[in-house]
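Colleague: Before I rely on some of the terms used for this model, I would like to hear how each one is justified.

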Amino acid sequence: MLLLCIACGGGEKPAAPAVKAAAVPDDDRPRDGGTLNRRLDLDVATLNPIPSNSRHERYVTQLIFTPLIHIDRDLRPAPGLATSWEVSDDGLLYTFELNPKATFSDGKPVTARDVLFTLDRILDPASEAVQTAGSFVHLDRSRTRAVGDHTVEIAFRQANPTQLIKFNDVQVLPQHVYSKGNFRRDYNDTALGSGPYRLVRFVRGKEVVVERRQDYWEQKPYIQTVVFKIVQDHGTAFNALRRGDLDETIITSDTWIRESRNPESTKTIHFERFYTLNYNYIGWNNRHPLLRDKRVRRALSMSIPLDAIVNDLYHGTARAMSGPFTPDEWAYNPNVPVIRHDPEGAKKLFAEAGFVDKDGNGILEKDGRPFKVDLIVMQGSVSARQVAQMAQQELRKTGVDLNVVLMDGQAAIDRIMAGNFDAAYLSWELDPDPDPFNVFHSSQVPGVGQNFVYYNNPEADRLLVEARRELDRDKRRDLYWRLHEVMAEDQPYTWLIQVSLKWGVNKRVRGVVASRGFGYFLWSPGERDWWIAPGK
Amino acid sequence: MIVYVIRRLLYAVLTFLGITVATFVLIHSVPGDPITFFLGRAGTTTIPPETLAAIRAEFHLDEPLPRQYLHWVRGAATFDFGISIIDRRPVRERILEKLPNTFQLNFLAFAIAALLGIPIGLWSATRSGRLTERASAVGFFLLYSLPSFWVALLLMQFFSVRYDIFPLLGMTSDDYTELGTAGKLADRLRHLVLPVATMTYAQLAIFARFSKATLTEVIRQDFITAARAKGAGPATVLWHHAFRNALIPMITLLGITVPHLISGSVIVEQIFQWDGVGLLYIQSVLSRDYPTVMGLTVVTAVVTLLASLVADILYAFADPRIRLGERA
């Protein structure tokens, strides 16, 4: 047996606030109670965590339900409903010990059968668990079972080193509540789980209100009531933050850059920014006759000035990428350099690849075909359009005609996921434990996976397959570091930037800490350690 | 008259069916579908094909388009517009709960704009060409060209952020449920002020200029000169002779405007977080929520057709020539 983690309940978190409070004056000590006004930027479609497919809904369900395991500040697995777990040496069998004290908000105990029920719901196609079902396709249901009330064995047909972290998406449902009626249709407006809060009220288009459970079985959060207010407009949300109608909100880069220097705003608002697991890139269709040659793709990357994008467009609140992993990840190879803006070098590479401007119109040609490429950009994002326009201008200087095509989101996805495009400006949100197999393996072409650029390199394929079979973290790191090198060499994408997420929090809220990669929320303890300072 | 009404009604029904077919074909032929919506939401995760198949089957997306339309018509005939792909609630319920919100907002804006705009237009017509009238024309033109998102933000900054006179967003306060009837009404009205103001100013300009233009047109006609010549006072000429004849274009304008009462304003609803139909429409289109788009199309089409039907019938009352023409 390979012991991944045995966490003793309380070893890691409950002591923390007391330590923090030791050296500070009385009224700076964490206090119980109060109401926190949080923002949701879209209406809630469902409060059922299994079919839910968006982050703002997870903000709410995170407080009402408990996942099998939590993710801690460094994005490592931490105790959730399970206090400890073991993984067999072959990586095929996971044994979770549930916290025997755990109860749902109706007082009934959480049992191994509830975990099995939840897994069954995830596996059932009718549940439409679009975000989680893919993580459990290799689950072996016949060997998955409850051992007594508080132990559950979950078996897989295929070992996967990222499997453990996926149990963070198993927000356990009470079988005695959710087994009645139509699972997909009947549980969108209600929620009953084992989390620290229980649902008080959900008014569509307006708010979701949750209240701290008096009978919560773990360390209770400080804040008594959390009101999630639906505010779709970013400008309105910032005004609401200034007025005190909201206590926290994500802020657009423009507003953040302006207001974080405005003394009137900084008086009451704490401004912070952090990098998450999100990055922006231009995906080149690697099968396209003009883009097939990796020298061409490198030259394209060399034509785009990342420094100018970071400094002029984002005022330094973004950073350049060098490959498929973000700098905060252990898989990120720090020895791979960011490609520098080098128009002269780019021209040489284009020439080497056979592109010359014979007719002297400023656009390169090869075999009589001008270097003209359509770049799909999704409508709605001003900064995406600005980045695309900057790339367009700079590429014009090295002889490439990049035509920016603005498209509605669904239409863009339709084209891209079918592999029917030249180039696209997109972003990825990565998982906390990396496995880019779906995105870059040559078998994962449109219709199967997300390798819509048709990247194909036998060495990368081998590394991707080996890494997802390797259970040893150090060996995985070596494989991914090599993958990072190989892909930086091939440039199937031009990796552009990571834009930091910008947030504003009312200064009356204390204990606010960001994690490495998840920001304020969706990790443990996260907002459960927030508290509200007494009013003056 | 009855034949006229029945004929108009038949046209309306045919037009209605045409609209539903056209919308159905249009929304389905726009690239992207509910599946791309889910693909977009899943990110780097690969959705198992069985899950996608389940979604397709549930909404008949795996069937040919004519069959899908028949499914829809069969439901719609019994006022069942299906369920939303996004939140699985009945489309009818989703629309009906937002319709009153949009109607409230738009009706108030419309009423204020009409009650202020038309008299202003009449006043301008009597002063056509004078300096005050010219100045007011420029003023209304400026008002009309102000972008509403900008005006909304300005109103917010001043009346809500700087001076806490009106609430910033939403339709009700946090403590709404605890208020008495009078308190609830007052609270709702306070929330209505800024969005209504944002919606009114441009419409006000339209009403003022339009009524001025039509009235000026009528005043130039020979029969007005004749009325003046026979010795009628200015008030009698304006009210009795001119205004009545200006009614027909006004009815047209009202007929065009009424459907807007329920179609909602995306910008105002978004900025003030007003839970109305406009936002629902745009979001349903963006996420390719076919059943909701169709449901909203039906509502909009019915109201538009009814409005033009009523306008046509009013014409017939206002102008006997139309009636006679139909009979002949």
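Modeller: Two strands are said to pair if DSSP finds at least two bridges between them. The model is a predicted one, and in it W284(A) has A423(A) of β20(A) as its bridge partner.

Colleague: How do you know that β14(A) and β20(A) pair?

Modeller: The requirement is at least two bridges, and β14(A) and strand β20 (residues 423-429) of chain A are joined in the antiparallel sense over 7 bridges, so the requirement of at least two is met.

Colleague: What makes β14(A) and β21(A) a pair?

Modeller: Strand β21 (residues 493-499) of chain A is linked to β14(A) over 4 bridges, again in the antiparallel sense, and I282(A) is the residue that stands opposite T494(A) in β21(A).

Colleague: Why is strand β14 of chain A called largely enclosed?

Modeller: A residue is buried if 20 or more other C-beta atoms lie within 10 Å of its own; 5 of the 7 residues of β14(A) (residues 278-284) are buried, and the strand is therefore largely enclosed by the rest of the structure. For chain A as a whole, buried residues make up 46% of the 536 residues.

Colleague: Why is chain A, with its 17 helices and 24 strands, called as compact as a globular protein of that length?

Modeller: The globule rule gives 24 Å for 536 residues, and the radius of gyration of chain A is 25 Å, which is close to that value, so chain A is described as being as compact as a globular protein of that length.

Methods:
Residues are numbered from 1 along each chain as its sequence is written. Chains are lettered from A and ligands numbered from 1 in the order in which they are written. This is a predicted model: local features need pLDDT of at least 70, side-chain atom pairs count only at pLDDT 80 or more; totals for chains, interfaces and linings use all residues. The radius of gyration is taken over C-alpha atoms; the globule rule is 2.2 Å times the number of residues to the power 0.38. A residue is buried if 20 or more other C-beta atoms lie within 10 Å of its own, exposed if 12 or fewer, and partly exposed in between; C-beta atoms are placed from the backbone.
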